[in-house]
Amino acid sequence: MVRQYNLLLPRQVVFGWGRRAELPELAAAPCRRVFLVRGSRTLDALGLIDEIAGGLRTSGVEVVDLTTVSREPLVEDVDDVQAQLLSHRVSPEDGVIAVGGGAAIDLGKAAAALATNQHGDSVQDFLEGVGRGFTLKQHPLPFIAVPTTAGTGSEATKNAVISSTDPQFKKSLRSDWMMPQTVVIDPELTVSAPPTVTAHSGMDALTQLIESYVSCRAQPVTRALCIEGLQAGLPAVEEAYRNGNSRPAREAMAHAAFLSGVALANSGLGIAHGVAAALGVHCNAPHGLACAVMLPVALKLNRSWITHDLARLARLTLQLEIASDEEAARCFIERIEQICRHVGIPDRLSEIGATAGQIPDIVRSSHGNSRRGNPREISDDELAQVLEESL
Ligand SMILES: [Zn+2]
């Protein structure tokens, strides 16, 4: 018997080395004018984003530079972008393109949504848990995501993560309508990502694939995608970290990251992502780094509930021929710990800035949407104890 399921995907995905060259044609179909969010200083410095903007202009698309993103978007960043959009009098022939990592893509998604939904005073009115419960009434502007890192999978998700420093939170603006219309994944754009970014974003993708696979909301299609993503990503992340110019490694990681986005958007995540969001809020830890540190902790915490799933991952993605589920699951977790060490991920939470005094706050802030797929309930007391042991 196959249980019922829903699947939400971008309408069009264009994947391949050098395929950013097709962006002008893809954008010109729905848009006369595009608002551009730039999210990669490295690519900006190399002139690659100007090259992309120039290509759009040559095809007759007007390009308006909105902003350059240098951090995960804050409420005020989104409100500022919305004000800029309003000053340009948005029309149905407009679109938004974000070229950058997850932060830029999230900001672009939020901009496209708020351009046509101006019934709030701030993006905060729309945010889950902290807002006034506002929802989108109109479809966003067409949004094209062009990722330049391989990690968050934001190019395949329907939410934008927005943070605030006072009060402290990290929450989502979410709607099925916010799924990017078109995604252009050109792994060549990730070549200039430095090793640290490659490691953090790559481990984020692997964490997403594993948490989606074992999620209590997982379904057959996303589980198949997770296997494909892990088969590509597990052997490639160390090579991409060591040798950023490796085309096969960059292609494998971009593919794995996209699949991780599809999987998480349709299956949810688990406790590693719940705690990672809290570590971002309270310790300012970068998302991918926080996920990577939490992944082995989460796997051990859930292990006895997901032994069979971890054993299956060991056999299908690491080609381990081990008869015992217990033993195969143990080997899978060991391999994850080994990969973390090889790409420079610390194994203690204190090394990414967490302190014992912050644990109650971290536990409290870990109850977001991203934790709902965890395969079992974890009490606050149990989580606090595990985090203390991981300091
Ligand atoms: Zn993530």
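Where does proline 167 lie? Select it and look on either side: proline 167 is in the loop between strand S6 (159-165) and strand S7 (168-174). Keep in mind as you click around that this is a predicted model. While you are in this loop, show the backbone of the residue before the proline as well. The peptide bond from aspartate 166 to proline 167 is cis, with omega near 0°.

**Another proline, in a strand**

Now go to proline 147. You will find proline 147 in strand S5 (residues 143-147). Buried or exposed? Proline 147 counts as buried, because its relative accessibility is 4%. To see what surrounds proline 147, leave out its neighbours within four places in sequence and show its contacts: Gly100, Ile105, Glu155, Val183, Val184, Ile185 and Leu189. Next, add proline 187 to the selection and draw a C-alpha to C-alpha distance. Proline 147 and proline 187 are 40 residues apart in sequence, and in space that distance is 8.6 Å.

**The zinc site**

Time for the metal. Select the zinc ion and then its protein donors: Asp204 through OD, Gln208 through OE1, and His273 and His287, each through NE2. These donors lie 2.1 Å from the zinc ion. Along the chain, they follow the spacing D-x3-Q-x64-H-x13-H. If you check the angles among the four donor atoms, they run from 84 to 150°, and the site is irregular.

Stay with the first two names in that pattern. Aspartate 204 and glutamine 208 sit in helix H6 (residues 195-214), and because they are four residues apart there, about one helical turn separates them. An α-helix has 3.6 residues a turn, so residues three or four places apart point the same way. Colour by accessibility and you will see that aspartate 204 and glutamine 208 are both buried.

**Where H6 meets H10**

Show H6 and H10 together and look at how they cross. Their axes come within 9 Å, with a crossing angle of roughly 140°. The two helices are therefore oblique to each other. For the contact itself, pick Asp204, Thr207, Gln208 and Glu211 on H6, and Ile271, Ala272 and His273 on H10. Some of these names should ring a bell: Asp204, Gln208 and His273 are among the zinc donors.

**Two loop residues with positive phi**

Carry on past H10 to asparagine 284, which is in the loop between H10 and H11. Its phi is positive, about 60°, although asparagine 284 is not a glycine. Asparagine 284 is exposed, with a relative accessible area of 67%.

Then jump to glutamine 319, in the loop between helix H12 (307-317) and helix H13 (325-342). What is phi of glutamine 319? It is near 55°, a positive value in a residue other than glycine. At a relative accessible area of 56%, glutamine 319 is exposed.

**Last stop: the two faces of H15**

Finish with helix H15 (residues 380-389), and select its buried residues, Leu383, Ala384, Val386 and Leu387. These cover an arc of only 165° around the axis, so they are on the same side of H15. What do the buried residues of H15 pack against? Turn on the neighbours and you will find helix H10 (271-283), helix H11 (287-302) and helix H14 (359-365). Now rotate to the face of H15 turned away from its buried side, where the exposed residues Asp381 and Glu389 are.

Note on methods: Residues numbered from 1 in each chain as written. Predicted model: local features only at pLDDT ≥ 70, side-chain atom pairs only at ≥ 80, totals over all residues. Heavy atoms only, no water. Donors = N, O, S within 2.8 Å, 3.2 Å for Na, K, Ca; no water. Tetrahedral: all angles 85-135°; square planar, octahedral: opposite > 155°, others 65-115°. Buried < 20%, exposed > 50% of the residue type's maximum accessible area, 1.4 Å probe, protein only. Arc of directions from axis to C-beta. Contact = heavy atoms within 4.5 Å. Axes fitted to C-alpha atoms, helices over the stretch in contact; angles between N-to-C directions. Parallel < 35°, antiparallel > 145°, perpendicular 65-115°, else oblique.
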